[in-house]
Amino acid sequence: MLNFNQLRVFSLAAKHENFTTAAQKLFITQPAVTAQIRELEATCNLKLFKKRGRKVYLSDEGKILYPYVSKIFEYEKEVENVIEDMRKLKRGVLRLGTTKAYARYFMPWIITRFRETYPDIKIHLDEGSSQDMTLSLVNFQNEIAIIAKAQDHPDVCFFPFSMEELILIAAPDHPLAGKSSVAFDQIAREPIIMKEVGSGTRRLVNQLFARHGCAPDILMETSNTEFIKQLVQRGDGISFLVKQSVAIELEEGRLAAIILEGARMFLDVSIAYLKNQHLSPPAQAFLAILGKLAPEEKLPQGIGALMAKILIQRR
């Protein structure tokens, strides 16, 4: 078994062809260098140096071995540099999970903010249902997730981040669209285009119908918010979506909001990460940025308010 301390001594002694210089570089005595070289030669059963007077010279065997040993310590320096780069956030990977709505409407802003401070960190953004992203943390696919709390998990910590209003949308010419408000029984039998199982939206809508003792008439279920909006615009059904995700369509009159009596709903969005697990330096830095955006009190502010806060902080 090779001894790396002996190889280090050999590398410096061979480089300078001087045991005293090697000793000075290593902060040890010259006899200690001689002893280490002798032990290495005994292990290899090779003579690595020749001596003439006070000078030492590499033997042919030593000349063959030296380039290989030099590479070991060149790589050692590279390893030290890589470790230092990771500590200083000049190298690394940030693995994030989020819902499709946040991936489209919020994450570009926060990722831009992160990259302004840490331009050398590579970012991997995964998207899916809140349930899927929770499992992605447990499976070590992601370190941080920004999701609605679709379900509790004993290994995952959920830190409240924002509250997104969930609204009922319909085509502008839908019979209920022009009313100031509607009772639940007026929409109970309407075909609904539903978000996928495992999403926070789906959980809230199911709870709404359960409170009224009925089940939704699901025409279709999908994770694609844009597809849902297109179907609703065509009059194929109604749907519940995060308000910010339909803000443009509502403003342009391509969709209409239906106000339910006594049924204003908010989706709790959380920053999620594993309990009792060390977060990488990029993940810790990302959490620090999110911490500056999170409201001190849990108020009904959503993506729009958070983006406005980012813009203010950048000025």
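1. Let's start with the lining of the largest pocket: α2 (19-26), α3 (30-44), β1 (49-52) and β2 (55-58) each contribute at least two residues to it. Please keep in mind as you read on that this is a predicted model.

2. Which of these elements gives the largest share of that lining? It is α3, with 5 residues. The lining has 16 residues in total, and those closest to the pocket centre are Phe19, Gln30, Thr34, Lys51 and Val56.

3. A word on volume and chemistry, since you may want both for the largest pocket. The space in it comes to about 370 Å³. By class, its lining holds 8 charged residues, along with 4 polar and 4 nonpolar ones.

4. Now for the second largest pocket, whose volume is about 220 Å³. Two strands, β6 (156-170) and β10 (256-258), each supply at least two of its lining residues. Of these, β6 provides 4, the largest share of the lining.

5. Which residues sit nearest the centre of the second largest pocket? They are Glu165, Ile167, Ile258, Ile259 and Leu260, out of 13 that line it.

6. Finally, the classes in that second lining: 10 residues are nonpolar, 3 are charged and none is polar. For setting the two side by side, recall that the lining of the largest pocket has 4 nonpolar, 4 polar and 8 charged residues.

How values were computed: Residues are numbered from 1 along each chain as its sequence is written. This is a predicted model: local features need pLDDT of at least 70, side-chain atom pairs count only at pLDDT 80 or more; totals for chains, interfaces and linings use all residues. Side-chain values use heavy atoms; hydrogens and water are left out. On a 1 Å grid over the protein atoms alone, a cavity is a set of points where a 1.4 Å probe fits but cannot get out, and a pocket is an open set with protein on both sides within 12 Å along at least five of seven lines; lining residues have an atom within 4 Å of a point. Grid points are joined across faces, edges and corners, and a volume is the space filled by probe spheres set on the points. Ala, Val, Leu, Ile, Met, Phe, Trp, Tyr, Cys and Pro count as nonpolar, Asp, Glu, Lys and Arg as charged, and the others, Gly among them, as polar.
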